[in-house]
Amino acid sequence: SPSLPLSRSLFGKSLCSQGEGENVVDRQKEVELAICGLFFCFGGQDLEEAKGNVNKRIEYISAEIERQEKQIKDVEDKQEKIKEHCIKLQKALQAEQQKQQKTTQ
């Protein structure tokens, strides 16, 4: 089905968007605060290293969203081309049917 790749892309984007939150910057601040709060509980990881890991994750999620959006656009473009081709075929078929009707009358 032509809509299957689009459905998969939208599902993937939805999952990424849920991980990203409303705003990357706000989400990053929330995560950094959580890291600061949990820092003493986990102790073994340097705070800067933990922040770096959070930043890497946010970058990954942002890149994944961009990739999914590009994939969605590509699928939509392909669907539009197929739709245009189908319309052309329908018009040609209708013209041929009209031509045959005129010759049989």
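The chain holds three helices and zero strands, and reading along the sequence gives the pattern α-α-α. This is a predicted model, so a word on confidence comes early. The mean pLDDT of the chain is 75, with 57% of its residues at 70 or more. That confidence is not spread evenly: among the elements of the chain, helix 1 (residues 3–20) has the lowest mean pLDDT, 48, while helix 3 has the highest, 90.

Turning to the chain as a whole, its accessible surface comes to about 8,500 Å². Carbon and sulfur atoms account for 56% of that surface. Of the 105 residues in the chain, 14% are buried. As for contacts between residues at least 6 apart in sequence, 67% of them join residues at least 24 apart.

Helix 3 takes up residues 47–104. With its 58 residues, helix 3 reaches 85 Å from the first C-alpha to the last, close to the 86 Å expected at 1.5 Å a residue. Which residues in helix 3 are buried? They are Ala50, Val54, Ile58, Ile61, Glu64, Ile65, Gln68, Ile72 and Val75. Glu64 turns up again below, as one half of a salt bridge.

On to charged pairs. How many salt bridges does a search of the whole structure find? The count is three. As a general point, side chains of opposite charge can pair when their charged atoms come close. Spacing along a helix matters here too: an α-helix has 3.6 residues a turn, so residues three or four places apart point the same way.

Take Glu64 and Arg67 to begin with. Their side chains meet in a salt bridge at 2.5 Å, N to O. Both residues lie in helix 3 and sit three residues apart, about one turn of the helix. Is Glu64 buried or exposed? Glu64 has a relative accessible area of 15%, so it counts as buried, the cut-off being under 20%. Arg67, on the other hand, has a relative accessible area of 44% and is partly exposed.

Next come Asp74 and Lys70, whose side chains form a salt bridge at 3.0 Å, N to O. These two are four residues apart in helix 3, which means about one helical turn lies between them. Asp74 is partly exposed, with a relative accessibility of 31%. Lys70 has a relative accessible area of 53% and is therefore exposed, since the cut-off for that label is over 50%.

Asp77 and Lys73 make up another pair, and their side chains meet in a salt bridge at 3.0 Å, N to O. Here again the partners are in helix 3 and four residues apart, so about one helical turn separates them. Asp77 has a relative accessibility of 34%, which makes it partly exposed. Lys73 is partly exposed as well, at 48%.

How values were computed: Residues are numbered from 1 along each chain as its sequence is written. This is a predicted model: local features need pLDDT of at least 70, side-chain atom pairs count only at pLDDT 80 or more; totals for chains, interfaces and linings use all residues. Side-chain values use heavy atoms; hydrogens and water are left out. A salt bridge is a side-chain nitrogen of Lys or Arg within 4 Å of a carboxyl oxygen of Asp or Glu. Buried means under 20% relative accessible area, exposed over 50%, partly exposed in between (1.4 Å probe, protein chains only). Contact means heavy atoms within 4.5 Å. Accessible areas come from the Shrake-Rupley method with a 1.4 Å probe; for residues, only the protein chains shown count as cover. pLDDT is the predictor's confidence in each residue, from 0 to 100. The expected span of a helix is 1.5 Å times one less than its number of residues.
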